[in-house]
Amino acid sequence: MLYTMEIKELDEAFMTAARRDAVAKALVLAKDTKVELRGLAGSSPAMVFASLASLGHPLMVVGDSLDDAGYLYQDLVKILGEEAVMMFPSGYKRDIKYGRVDPPSQIMRIETLNHWNDDPKLRVVVTYPEAMAEKVASREALSDHTL
(Lines give C-alpha, C1' and ligand atoms only; values in the text may rest on other atoms or scores of the structure.)
Protein backbone atom coordinates (compact mmCIF):
# COMPACT_ATOMS: atom_id res chain seq x y z
CA MET A 1 0.00 0.00 0.00
CA LEU A 2 1.28 3.44 -0.92
CA TYR A 3 1.04 6.22 1.66
CA THR A 4 1.00 9.77 0.36
CA MET A 5 1.63 12.84 2.46
CA GLU A 6 0.16 16.26 1.95
CA ILE A 7 2.64 19.14 1.94
CA LYS A 8 1.32 20.37 5.30
CA GLU A 9 2.12 17.00 6.90
CA LEU A 10 5.54 16.98 5.26
CA ASP A 11 6.17 20.51 6.52
CA GLU A 12 5.33 19.49 10.08
CA ALA A 13 7.75 16.55 9.84
CA PHE A 14 10.54 18.48 8.09
CA MET A 15 10.48 21.87 9.83
CA THR A 16 10.86 20.86 13.44
CA ALA A 17 10.95 23.48 16.18
CA ALA A 18 14.75 23.25 16.31
CA ARG A 19 15.05 23.90 12.56
CA ARG A 20 12.61 26.83 12.75
CA ASP A 21 14.61 28.33 15.61
CA ALA A 22 17.91 27.86 13.75
CA VAL A 23 16.63 29.63 10.62
CA ALA A 24 15.10 32.47 12.65
CA LYS A 25 18.31 32.84 14.67
CA ALA A 26 20.40 32.96 11.47
CA LEU A 27 18.20 35.77 10.16
CA VAL A 28 18.36 37.73 13.42
CA LEU A 29 22.14 37.41 13.60
CA ALA A 30 22.56 38.31 9.93
CA LYS A 31 20.75 41.68 10.22
CA ASP A 32 22.21 43.57 7.25
CA THR A 33 23.99 40.68 5.57
CA LYS A 34 22.73 38.16 3.05
CA VAL A 35 21.47 34.77 4.21
CA GLU A 36 21.65 32.04 1.58
CA LEU A 37 20.00 28.66 1.89
CA ARG A 38 21.40 26.16 -0.62
CA GLY A 39 20.20 22.80 -1.80
CA LEU A 40 16.50 23.51 -1.41
CA ALA A 41 14.47 21.75 -4.08
CA GLY A 42 10.82 21.22 -4.87
CA SER A 43 8.55 22.46 -2.09
CA SER A 44 11.29 22.86 0.52
CA PRO A 45 11.68 26.64 -0.08
CA ALA A 46 7.98 27.06 0.68
CA MET A 47 8.41 25.10 3.91
CA VAL A 48 11.28 27.35 5.00
CA PHE A 49 9.35 30.52 4.12
CA ALA A 50 6.28 29.22 5.93
CA SER A 51 8.37 28.75 9.07
CA LEU A 52 9.46 32.40 8.83
CA ALA A 53 5.90 33.65 8.46
CA SER A 54 5.51 34.16 12.20
CA LEU A 55 8.00 37.06 12.40
CA GLY A 56 5.23 39.55 13.20
CA HIS A 57 5.07 41.31 9.84
CA PRO A 58 4.36 40.09 6.31
CA LEU A 59 7.22 38.38 4.54
CA MET A 60 7.79 39.12 0.84
CA VAL A 61 8.97 36.12 -1.16
CA VAL A 62 10.30 36.77 -4.67
CA GLY A 63 10.31 33.93 -7.17
CA ASP A 64 12.63 33.97 -10.19
CA SER A 65 9.70 34.10 -12.61
CA LEU A 66 5.91 34.16 -12.71
CA ASP A 67 5.90 30.35 -12.85
CA ASP A 68 8.21 29.99 -9.84
CA ALA A 69 6.14 32.50 -7.90
CA GLY A 70 2.98 30.57 -8.79
CA TYR A 71 4.44 27.32 -7.48
CA LEU A 72 5.62 29.03 -4.29
CA TYR A 73 2.20 30.61 -3.84
CA GLN A 74 0.37 27.29 -4.21
CA ASP A 75 2.69 25.50 -1.77
CA LEU A 76 2.44 28.31 0.80
CA VAL A 77 -1.37 28.34 0.55
CA LYS A 78 -1.42 24.60 1.23
CA ILE A 79 0.82 25.04 4.28
CA LEU A 80 -0.44 28.33 5.78
CA GLY A 81 -3.96 28.65 4.39
CA GLU A 82 -5.53 31.03 1.86
CA GLU A 83 -6.00 33.95 4.24
CA ALA A 84 -2.29 34.05 5.13
CA VAL A 85 -0.84 34.24 1.59
CA MET A 86 -1.41 36.71 -1.25
CA MET A 87 0.03 37.08 -4.74
CA PHE A 88 1.40 40.43 -6.00
CA PRO A 89 1.25 40.06 -9.80
CA SER A 90 2.23 42.31 -12.66
CA GLY A 91 -0.54 44.66 -13.77
CA TYR A 92 0.12 43.84 -17.43
CA LYS A 93 -0.67 40.89 -19.66
CA ARG A 94 2.43 38.98 -20.70
CA ASP A 95 5.01 41.71 -20.21
CA ILE A 96 5.15 45.39 -19.27
CA LYS A 97 6.86 46.20 -22.59
CA TYR A 98 3.66 45.36 -24.55
CA GLY A 99 1.62 47.77 -22.42
CA ARG A 100 -1.53 45.65 -22.32
CA VAL A 101 -3.17 46.35 -19.01
CA ASP A 102 -4.73 43.40 -17.17
CA PRO A 103 -7.56 44.73 -14.93
CA PRO A 104 -7.91 41.56 -12.77
CA SER A 105 -4.19 41.65 -11.99
CA GLN A 106 -4.35 45.35 -11.18
CA ILE A 107 -7.19 44.66 -8.73
CA MET A 108 -5.15 41.85 -7.15
CA ARG A 109 -2.17 44.24 -6.76
CA ILE A 110 -4.37 46.81 -5.02
CA GLU A 111 -5.92 44.17 -2.74
CA THR A 112 -2.49 42.88 -1.76
CA LEU A 113 -1.20 46.36 -0.96
CA ASN A 114 -4.32 47.13 1.10
CA HIS A 115 -3.89 43.92 3.10
CA TRP A 116 -0.15 44.53 3.61
CA ASN A 117 -0.73 47.21 6.28
CA ASP A 118 -4.17 46.34 7.59
CA ASP A 119 -4.59 42.56 7.70
CA PRO A 120 -3.01 40.76 10.68
CA LYS A 121 -3.75 37.37 9.05
CA LEU A 122 -1.52 38.14 6.04
CA ARG A 123 1.84 36.49 6.60
CA VAL A 124 3.40 36.04 3.14
CA VAL A 125 3.23 38.01 -0.14
CA VAL A 126 4.58 36.18 -3.18
CA THR A 127 5.80 38.08 -6.23
CA TYR A 128 8.40 38.07 -9.01
CA PRO A 129 10.84 40.67 -10.41
CA GLU A 130 8.64 41.99 -13.25
CA ALA A 131 5.80 42.73 -10.83
CA MET A 132 8.12 44.53 -8.43
CA ALA A 133 9.52 46.71 -11.24
CA GLU A 134 6.15 48.42 -11.77
CA LYS A 135 5.48 51.72 -10.09
CA VAL A 136 3.06 51.74 -7.16
CA ALA A 137 1.30 54.92 -6.07
CA SER A 138 2.19 56.19 -2.60
CA ARG A 139 -0.47 56.18 0.09
CA GLU A 140 -0.59 60.00 0.00
CA ALA A 141 -1.00 60.18 -3.79
CA LEU A 142 -3.69 57.55 -3.67
CA SER A 143 -5.70 59.38 -1.01
CA ASP A 144 -5.29 62.71 -2.85
CA HIS A 145 -6.73 61.27 -6.05
CA THR A 146 -9.54 59.19 -4.54
CA LEU A 147 -13.07 60.54 -4.30
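## Valine 23, helix 3 and the strands

Skipping neighbours within four places in sequence, valine 23 is in contact (heavy atoms within 4.5 Å) with Val48 and Leu52. Before going on, a word on the source: this is a predicted model, where local features need pLDDT of at least 70, side-chain atom pairs count only at pLDDT 80 or more, and totals for chains, interfaces and linings use all residues. Residues are numbered from 1 along each chain as its sequence is written, and side-chain values use heavy atoms, with hydrogens and water left out.

Valine 23 sits in helix 2; helices here are DSSP runs of H or I with at least four residues, strands are E runs of at least two, and both are numbered from the N terminus. With a relative accessibility of 18%, valine 23 counts as buried, since buried means under 20% relative accessible area, exposed means over 50%, and partly exposed is in between (1.4 Å probe, protein chains only). Its C-alpha lies 8.1 Å from that of valine 48, though 25 residues separate the two along the chain.

Valine 48 is one of the buried residues of helix 3, along with Ser44, Pro45, Ala46, Met47, Ala50, Ser51 and Leu52. Because 8 of the 9 residues of helix 3 (residues 44–52) are buried, this helix is largely enclosed by the rest of the structure. The cover over those buried residues includes helix 1 (7–14), helix 2, strand 1 and helix 4 (66–80).

Back to helix 2: its 14 residues span 20 Å from first C-alpha to last, close to the 20 Å expected at 1.5 Å a residue (the expected span is 1.5 Å times one less than the number of residues). Just after helix 2, lysine 31 has a positive phi of about 45 degrees. Leucine 27 is also in helix 2 (residues 17–30), but it is partly exposed, at 34% relative accessible area. Leu27 joins Val35, Leu37, Leu40 and Leu55 in a nonpolar surface patch of about 370 Å². Patches take residues with over 30% relative accessible area and no salt bridge, joining like charges within 9 Å and nonpolar side chains (Val, Leu, Ile, Met, Phe, Trp, Tyr) within 5 Å. A salt bridge is a side-chain nitrogen of Lys or Arg within 4 Å of a carboxyl oxygen of Asp or Glu.

Now the strands. Two strands pair if DSSP finds at least two bridges between them, and strand 3 has these partners:

| Strand paired with strand 3 | Sense | Bridges | Residue pair |
|---|---|---|---|
| Strand 1 (residues 59–62) | parallel | 4 bridges | valine 61 and valine 126 |
| Strand 2 (residues 85–87) | parallel | 3 bridges | valine 85 and valine 124 |

Strand 3 (residues 124–127) is covered on both faces, with Val124 and Val126 buried on one side and Val125 and Thr127 buried on the other. In a regular strand the side chains alternate between the two faces of the sheet.

Serine 90 is in the loop between strand 2 and helix 5 (103–118), and at 8% relative accessibility it counts as buried. Beyond its neighbours within four places in sequence, serine 90 touches Ser105, Arg109, Tyr128, Ala131 and Glu134.

As for the whole chain, it has 7 helices and 3 strands, in the order α-α-α-β-α-β-α-β-α-α. Of its 147 residues, 32% are buried. Among contacts with a separation of 6 or more, 68% are between residues 24 or more positions apart.

Definitions and conventions:
Accessible areas come from the Shrake-Rupley method with a 1.4 Å probe; for residues, only the protein chains shown count as cover.
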